[in-house]
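Student: I've got a structure open and would like to learn how to read its features. Can you walk me through it?

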Amino acid sequence: MILIVLVCIQCTTYYLFGKKNIIYPIGKHYETFVFFSENEFEEIFVGANAPLEEEKVVASFPIFAAYKLELCEALPNKCIEEYDWNKKGRYHYFFEIKTGGVFAIHTIAEFEHATQYGASWESHYVWVLFKWILIKKENRGIS
């Protein structure tokens, strides 16, 4: 009986809160090799294959709060095709939820880019009752 209750709680909280709020743990564990004050960014472009709201992006990534934000929820193709990657003064941050489900590990690919520099990560999260838990995060490359 307890197992059935836990499964119900897991499913309910995942579909009500987890899917919509995965941006919070991504922001909490945000790393950068590109975003530094000497780069003099004027705007930040955030692209994802998940719902993006400016309030949630700023709450998740407080470092972005002082900049003009552009959001795109159509990763990867539309976001990448429509914007000038080499525009001076623009920082690009993308995340893509590659796999996941209510009882599955969610694989998140993250990528950042500015002018001539880029870096990428792969993270693994799991939803447990009321919270996202980071399993591991690996840097996949720096250029």
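Student: Which residue forms a salt bridge with Lys136?

Tutor: Keep in mind that we're looking at a predicted model. As a general idea, side chains of opposite charge can pair when their charged atoms come close. Here, the partner of Lys136 is Glu138, with the closest N and O atoms 3.3 Å apart.

Student: Is Lys136 buried or exposed?

Tutor: In between. Partly exposed covers the range from 20% to 50% relative accessible area. Lys136 comes out at 42%, so it counts as partly exposed, and Glu138 gets the same label because its value is 30%.

Student: How many salt bridges are there in the whole structure?

Tutor: A search finds 7. Take Arg90 and Glu70, whose side chains meet at 3.0 Å, N to O. Arg90 sits in strand β3 (residues 90-99) and Glu70 in strand β2 (residues 68-72), so this bridge ties together parts that are 20 residues apart in sequence. Both Arg90 and Glu70 are buried.

Student: Which residues are linked with Arg90 and Glu70 in a network of salt bridges?

Tutor: Glu43 and Lys68 join them in that network.

Student: What does Glu122 pair with?

Tutor: Glu122 bridges to Arg140, and their closest N and O atoms are 2.9 Å apart. That pair also links distant parts of the chain, 18 residues apart: Glu122 belongs to strand β5 (residues 117-128) and Arg140 to strand β6 (residues 131-142). With a relative accessible area of 48%, Arg140 is partly exposed.

Student: OK, on to the nonpolar side chains. Which residues touch the most other members of the largest nonpolar core?

Tutor: The general idea is that in soluble globular proteins, nonpolar side chains tend to be buried together. In this model the largest core has 26 residues, and Phe64, Tyr91, Tyr93 and Phe95 touch the most other members. At least two core residues come from each of α2 (23-28), β1 (43-48), β3, β4 (106-114) and β5.

Student: What is Phe64 in contact with, leaving aside its neighbours within four places in sequence?

Tutor: Phe64 contacts Tyr30, Phe35, Ile44, Val46, Val57, Leu69, Tyr91 and Tyr93. Tyr91 and Tyr93 are the names you just met among the core residues with the most touches.

Student: And which residues make a nonpolar surface patch?

Tutor: Met1, Ile2, Val5, Leu6, Ile9 and Phe130 make one of about 650 Å². Met1 lies in the segment before α1 (2-18), and Met1 counts as exposed because its relative accessibility is 78%.

Conventions:
Residues numbered from 1 in each chain as written. Predicted model: local features only at pLDDT ≥ 70, side-chain atom pairs only at ≥ 80, totals over all residues. Heavy atoms only, no water. Patch = residues over 30% accessible without salt bridge, like charges linked within 9 Å, V, L, I, M, F, W, Y side chains within 5 Å. Areas by Shrake-Rupley, 256 points an atom, 1.4 Å probe, with all protein chains shown as cover. Salt bridge = Lys/Arg side-chain N within 4 Å of Asp/Glu carboxyl O. Helix = DSSP H or I, 4+ residues; strand = E, 2+ residues; numbered from the N terminus. Buried < 20%, exposed > 50% of the residue type's maximum accessible area, 1.4 Å probe, protein only. Core = buried A, V, L, I, M, F, W, Y, C linked by side-chain atoms within 4.5 Å. Contact = heavy atoms within 4.5 Å.
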